[in-house]
Amino acid sequence: MQRPIGTDDATNWRPWRLVGPVVVGAGIAIVAALWLITGHGGLILVLPLPTALVIICGYMRIQMRIRSTIHGWTPVSAVIILAAVFLPAPFVIISVAAGKLIDQLLNMAHVPVKISFNVGKEVLNSTAATLAVAAVGFQPILADPDDVGPLGSVLIATVAASVAYTVIDELVSKALFAMLTHTSYRQRLLADWGNLAVAHVGAFVIAVATVIAYDISEWLLAILPLLLWCIHLASGNRIRARQGNEAWQRLAEATDEFNSVDQTAVLHAAVRKAAALFSTDEVEVQIRPPTGETRLVRSNGRDILYDGTPEDAPPASGFVIPISLESYRGDADLGELRLRFRAPVKLTEREGYTLHTFAAALCTAIRNASTFAETQRLADSHARAAAQDPLTRLANRRKLQQYGDEVLAQGIVGVLLIDLNHFKEVNDTLGHSAGDRVLITVGERLSAAVREGDLVARFGGDEFAVILANLSAPALAEMRAHAILDALAPPIHLDDMRISVEASCGVTTASGGTIGELLRRADVAMYQAKQDGQRVVVYAHARDTADIGTLTLGGDLARAVAEGQFVVNFQPIVDLATGQVIAAEALTRWHHPDRGDLAPDRFLPAIERSGQLSAFADAVLDQALIAVSQWADAGHPIPVAVNVSPRSLLDPSFPDAVARRLAARGVQSSSLIIELTESVTLSKLEVVDDVLAALRDQGIRLALDDFGTGFSSLATLARVAVDELKIDRSFVAAMNASAPGAVVRSTIDLGRSLGLVVVAEGIEREDQRQQLWELGCPAGQGHLFARAMPADRLLTALRRGHDGQPGCLAPPLHDTDTVIRLPRNRRSRRSATVEPGQEWTP
């Protein structure tokens, strides 16, 4: 079976690395054959017959193209197998060498590398076949015609010769093809195994039929040429039919990948599949779509070599077969599909029809992908228009609501509603064009001031909204709002004028609910800011007249006070180092008969607007003082901290009311701590100063609750002389983050510098306790130690203690009678040595 090297390899000397050993091996076999042929002089006259048959087989070639190389199959393998069975090895080798050389000189245009390889390969094949015959112990038929073995032994010799020929032929041929096509040897061995099997089986059938015919009658050998021709034609038809079926199957598989609506996927699939379908060296597609830029994609069948504009593509050489990409309707072509080979190639009629079918399918796929891309572009454009403010290109209300609902499910979210002050004057004075430029600049500055994950939107007019996503603590929203408004401070230049922009901002936060409710609350806070002349106001239920649920509670307050529906629970405050309870905070709940337990933020606004505030404060304070008295009688004299409403501080008679309650319950004033919620009230109104001074004169301690959550924390601290600072639970929960952690550390350092006790709220884990203590925080409260509970349950917990130590709710962080080496970041004005029974205080 002949496989000549293609013409594109004629000038390539790389194959000589394989051709050289093949030629040397064949030369050795020929020399040995010439040396041994002298022993069989009587068969010299037979040599012309196999030689002639080898030459004739060259004209019975069935061709198949692989890339630019033409590969052919001939029945020469059948001739060599028969020769190995009938003739001694020297005659086989010499006749094959002579016949193959003449065939090559007649058909291969005298290309040395091809002639050398093809002759040498067939000599090696014939040598292997004759050696296989000898290996099975068979004596060639014509070597001793009178001593021919049984037909079975002849058939065994035929099988051995056929197998040896096939193995050597495949190993040598595929090694060369792998070298020429730059593919792996294993890949070449597995390629075209179906067609090769048909060809080899055909040659074997010819050889077996000839042996059987000879066994019947020697004269039947006269029909050997006709038999060769018929069986070879049958094998050739079988091979061509198989190739056709495989070609249509590959075409179907290739066009199946054109179902994608992505243009890149279509083009990449086209060049890869076309390279395999038409056995090319390279394939490229250049398209000129109705919309978009001209594009060129090139592949070698394995990799995408280039994808971009044709002008930037690297140069390519070789023989090209182009075909226009036109639809069956005769529309203007979309571009061109090009098959590139290293040498001139002529496609068969079947390949030509397949190419036209492939190009038509590709043209349709490109049109579909272009149509889909245009449809998608229009859909995206409409979606952007529906979710985008046309003037500033910011998100509109619809987009903000959609995004807000998404981020609300992921964590703490802040919403800022920003309204420009006196913007109408800009429009009235300078015109709407100047106003539009101001709005565009404001939108750009807001977008630059927010962080990744935040969203800026314009609601129309001069109103903007900002979503602050994934806040580590709610208190950060107000701080971020001031920073964002600071970005609007620089003047805006309009032609020769400079315009200063001021704004009012409402702030609200939540970790659930709906974005619509947050926008409503932010709107309430924003109008409060405008009314009060402030830049930023945080939403408060107390000033939300739209909260119907809160307003309706006012009618139930008188009965609630009279029936004692307000119940006070107590959460212990402990020394972080020792675990000892040092105080308790009174926390009020309303056991509403219809609405269940209500937290203070649900009913305090209603109480403050009603006439029941004084009665409510007396009831809560009375319960707290009763608890203090019970604890002291039981041997646990700990103070109680009571929150008071900012409106109570506006009542000049409040200090006298507290004094009366202390005297009625026989409790010393030092056992009461008044917790103040930081607010504008504390920093602005002088009457508050008088009330607080009167409370301090009685010996009542003052604590500033939720320190750091208000923007005026330092101003409040400078105006009000307090004894304690309480760090809000939101900062404790997120203190490993940079901003909340900085607030915690600075509050602790500030308390130490001013000689104030610092209490951390919301301690949930032991590592938080350890970290706060190492930072220098002396006291804390939270679920780690105990939840809020009735006074009698707290007394029981104090008596039981921890590990048999009454008054202690947690194990100490260190043993007594030991020296504690404090971490460097915990700076203390005292020695790190803790004496037995001595508490560490700031």
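**Buried cysteines, a five-stranded sheet and salt bridges**

Cys363 is buried, its relative accessible area being 0%. Cys808 likewise counts as buried, at 3% relative accessibility. In this predicted model, zero disulfides are found.

The strand arrangement was examined next. Five strands form an open sheet in the order S9-S10-S8-S13-S14, and their pairing is mixed. The edges are occupied by strand S9 (455-460) and strand S14 (536-538); each has a single partner strand, so one side of each is left without a neighbour in the sheet. On average, neighbouring strands of this sheet are turned by 20° against each other, direction ignored. Strand S13 (residues 503-510) and S14 run parallel and are joined by three bridges. Within this pairing, Gly506 has Val537 of S14 as its bridge partner.

Helices accompany the sheet. Helix H15 (residues 476-486) packs on the sheet and touches S8, S10, S13 and S14. The direction of H15 makes about 155° with that of S13. Helix H12 (residues 397-408) lies across strand S8 (412-420), S9, strand S10 (463-471) and S13. With respect to S10, helix H12 runs at about 15°.

Charged side chains were considered separately. Side chains of opposite charge can pair when their charged atoms come close. The count of salt bridges comes to 26. One of them links the side chains of Lys100 and Asp103, with an N to O distance of 3.7 Å. Both residues belong to helix H4 (residues 89-107), where Lys100 and Asp103 are three residues apart, about one turn of the helix. Lys100 and Asp103 are both buried.

A further salt bridge is formed between the side chains of Lys121 and Asp169, at 2.8 Å from N to O. Because Lys121 lies in helix H5 (residues 112-135) and Asp169 in helix H6 (residues 151-181), this pair ties together parts that are 48 residues apart in sequence. Lys121 counts as buried at 1% relative accessibility, and Asp169 is buried with a relative accessible area of 0%.

Arg665 and Asp622 also form a salt bridge, their closest N and O atoms being 2.9 Å apart. Arg665 is located in helix H21 (residues 654-665) and Asp622 in helix H20 (residues 613-633), so the pair ties together parts that are 43 residues apart in sequence. Arg665 is partly exposed, with a relative accessible area of 35%, whereas Asp622, at 14% relative accessibility, counts as buried. In addition, Glu282, Glu284, Arg298, Glu336, Arg338 and Arg340 are joined into one network by salt bridges that share partners.

Terms used
Residues numbered from 1 in each chain as written. Predicted model: local features only at pLDDT ≥ 70, side-chain atom pairs only at ≥ 80, totals over all residues. Heavy atoms only, no water. Pairing = 2+ DSSP bridges. Helix = DSSP H or I, 4+ residues; strand = E, 2+ residues; numbered from the N terminus. Axes fitted to C-alpha atoms, helices over the stretch in contact; angles between N-to-C directions. Contact = heavy atoms within 4.5 Å. Disulfide = S-S within 2.5 Å. Buried < 20%, exposed > 50% of the residue type's maximum accessible area, 1.4 Å probe, protein only. Salt bridge = Lys/Arg side-chain N within 4 Å of Asp/Glu carboxyl O.
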